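Student: Could we go through this structure together, one question at a time? I would like to see how each answer is reached.

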Amino acid sequence: IPKSKSSSSSSSSSLNNDDDIDDNDDGDDVMMTTTPVVVGFVDVDNRPRTRPIDPPRPYVSDLVVHEDYRRRGIAKQLIQYCEDRVQQHPIDSPCLYIRVEQDNTAAQIMYQSLDYHPLSHPIFGVKDTTVLLRKEFATNQQ
């Protein structure tokens, strides 16, 4: 887990300062802080798939925002940061996947607002209670 950084602004609802986001060297884990308290965390799994039933990669495997800091756009900022990172690295498929619980309506509405769409999968939503979502990014074809 990367060490968190704290910014001097403890009550800011907009977290666009580079000091508010800390990622580790391999870019897999990201935490967002506005105080010495971690207010948000996201993990992107980009390991190679070893089985056909594995989730497609890269995918957001964990996204959490401290309950005292929810409804402030932190989750959207963390997802946008992940999207930016995914688009910076050459990958076979220019997209990002997210798994979310079927009954997490608030998260599904947020992901839909960010242009994520449901995708069928032999496990997710069939043998468990999650929905697999995908967002495709535009490619620069020359």
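Tutor: Gladly! Let's begin with a term: buried means under 20% relative accessible area, exposed means over 50%, and partly exposed is in between, using a 1.4 Å probe and protein chains only. This is a predicted model, where local features need pLDDT of at least 70, side-chain atom pairs count only at pLDDT 80 or more, and totals for chains, interfaces and linings use all residues. Residues are numbered from 1 along each chain as its sequence is written, and side-chain values use heavy atoms, with hydrogens and water left out.

Student: Thanks! Is T130 buried or exposed?

Tutor: T130 lies in strand 7; helices (H or I, at least four residues) and strands (E, at least two) are DSSP runs, numbered from the N terminus. Its relative accessibility is 5%, and the limit for buried is under 20%, so T130 counts as buried.

Student: Which residues is T130 in contact with, leaving aside its neighbours within four places in sequence?

Tutor: Contact means heavy atoms within 4.5 Å. There is also a polar contact of 2.9 Å between the side chains of T130 and D128; that term stands for a pair of N or O atoms within 3.5 Å, where within protein one must be able to donate a hydrogen and the other to accept it, and residues adjacent in sequence count only if both atoms are side-chain atoms. D128 falls among the close sequence neighbours, and with those set aside the contacts of T130 are R99, V100, E101, Q102, F124 and G125.

Student: Which residue in strand 4 stands opposite D43?

Tutor: Seven of the eight residues of strand 3 (residues 38-45) are buried. Strand 3 and strand 4 (residues 59-65) run antiparallel and are joined by six bridges, while two strands pair if DSSP finds at least two bridges between them. Across from D43 stands D62.

Student: Which element supplies the largest share of the largest nonpolar core?

Tutor: A nonpolar core is a set of buried Ala, Val, Leu, Ile, Met, Phe, Trp, Tyr and Cys residues joined through side-chain atoms within 4.5 Å. The largest one has 23 residues, and V60, I79, L96, Y111 and Y116 have the most contacts inside it. At least two residues of this core come from each of strand 3, strand 4, helix 1 (74-88), strand 5 (95-101), helix 2 (105-113) and strand 7 (130-136). The largest share, six residues, is supplied by helix 1.

Student: How many disulfides does the structure hold?

Tutor: A disulfide is a covalent bond between the sulfur atoms of two cysteines, and the search looks for a pair of cysteine sulfur atoms within 2.5 Å. C82 counts as buried because its relative accessibility is 3%, and C95 counts as buried at 1%. The number of disulfides in the structure is zero.

Student: Where does the salt bridge partner of D45 lie?

Tutor: A salt bridge is a side-chain nitrogen of Lys or Arg within 4 Å of a carboxyl oxygen of Asp or Glu, and the whole structure has five. D45 and R57 meet in one of them, at 3.2 Å from N to O. D45 is buried with a relative accessible area of 6%, and R57 is buried with 16%. The two are twelve residues apart, with D45 in strand 3 and R57 in the loop between strand 3 and strand 4.

Student: Is E136 buried or exposed?

Tutor: E136 forms a salt bridge with R134, with the closest N and O atoms 3.0 Å apart. R134 counts as partly exposed because its relative accessibility is 26%. With a relative accessible area of 55%, E136 is exposed.

Student: Which residue does a cis peptide bond join to R57?

Tutor: Most residues other than glycine have a negative phi, and most peptide bonds are trans. Here the omega of the cis bond is about -10°. The partner lies in the loop between strand 3 and strand 4, and its name is P58.

Student: What is the phi of R71 near?

Tutor: R71 lies in the loop between strand 4 and helix 1, and at 82% relative accessibility R71 counts as exposed. Its phi is positive in a residue other than glycine, and the value is near 65°.
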